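Subject: Structure handover, with notes on salt bridges and a small sheet

Dear colleague,

Please find the structure below, together with its sequence. My notes follow it, and I would be glad if you read them with the model open beside you.

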Amino acid sequence: RSRAAMGAHMGTIRDSLGDEILAHAKPITKLQMEDVRRMHECWVKMECNPGVDQKRFNKIFVMLRGANQRKLFELFAKGPPDKRFADVNEVFAVALINSSAFAASKMRALFELYDEDCSGELSLQEVVIMIASAMRGMSAATGGRQLDIETVDVTSAPRHLDSFQTILLR
């Protein structure tokens with residue numbers, strides 16, 4: 001299957017929700033794949049949990065300096081006012097979903113980001129984290145919009161299974 005054909009199918013979520021992304025979240029959607037990788041490396045070097053406070057959030061997402069980082073943090077933040085935290089996995093997921101990269105590149109990046117134990121395989125727990133992060137992240141980035149079956153083209157997933165397995169076996 002050609003990269004162009006795979007890219008066309010992976011754009012379904014991005015195309016259907018792109019206009020609904022809140023203004024404060026728009027800078028995340030403009031990130032390049034390499035930017036996301038660098039930010040992920042920064043987070044890994046911090047050796048902290050995915051839930052980060054405002055200070056760590058600003059350090060990880062330093063490439064978003066043009067954005068209002070406080071408002072961006074609050075968009076993804078949870079917890080009581082004095083102990084707010086944002087899940088970096090949700091921000092990474094929004095960046096990757098909205099990336100203009102081809103499907104194969106997105107799948108490789110998702111694999112790299114969510115293979116937390118570096119086993120070379122995604123465990124069931126890692127897959128659940130990946131999917132839950134994408135759902136919660138896109139919900140936050142769209143102001144609470146829930147992804148539903150009409151929004152997500154689930155019929156394209158089986159078409160990409162062979163490509164995903166090929167990437168994982170390399």
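I begin with Glu74, which at 34% relative accessibility counts as partly exposed, because that term covers the range between buried, under 20% relative accessible area, and exposed, over 50% (1.4 Å probe, protein chains only). Arg84, at 24% relative accessibility, is likewise counted as partly exposed.

Before going further, please keep in mind that this is a predicted model, in which local features need pLDDT of at least 70 and side-chain atom pairs count only at pLDDT 80 or more, while totals for chains, interfaces and linings use all residues. Residues are numbered from 1 along each chain as its sequence is written, and side-chain values use heavy atoms, with hydrogens and water left out.

Side chains of opposite charge can pair when their charged atoms come close. A salt bridge here is a side-chain nitrogen of Lys or Arg within 4 Å of a carboxyl oxygen of Asp or Glu, and by this rule the count comes to six salt bridges. One of them joins the side chains of Glu74 and Arg84, at 3.0 Å from N to O. This pair links distant parts of the chain, since Glu74 is in helix 6 (residues 69-76) and Arg84 is in the loop between strand 2 and strand 3, 10 residues apart. Helices (H or I, at least four residues) and strands (E, at least two) are DSSP runs, numbered from the N terminus.

Which residues are linked with Arg136 in a network of salt bridges? They are Lys78, Asp87 and Glu90. The side chains of Arg136 and Asp87 meet at 3.4 Å, N to O, and this pair joins helix 9 (residues 124-141) to strand 3, 49 residues apart. Arg136 and Glu90 also form a salt bridge, at 2.7 Å, N to O; Glu90 lies in helix 7 (residues 88-97), so this pair ties together parts that are 46 residues apart in sequence. Arg136 is partly exposed, with a relative accessible area of 37%, whereas Asp87 is buried at 12% and Glu90 is buried at 2%.

Strand 3 also belongs to an open sheet of three strands, in the order 1-3-2 and with antiparallel pairing, where two strands pair if DSSP finds at least two bridges between them. Strand 1 (51-52) and strand 2 (77-78) are the edge strands, each pairing on one side only. Two bridges join strand 1 to strand 3 (residues 85-87), and Val52 has Ala86 as its bridge partner in strand 3.

With best wishes
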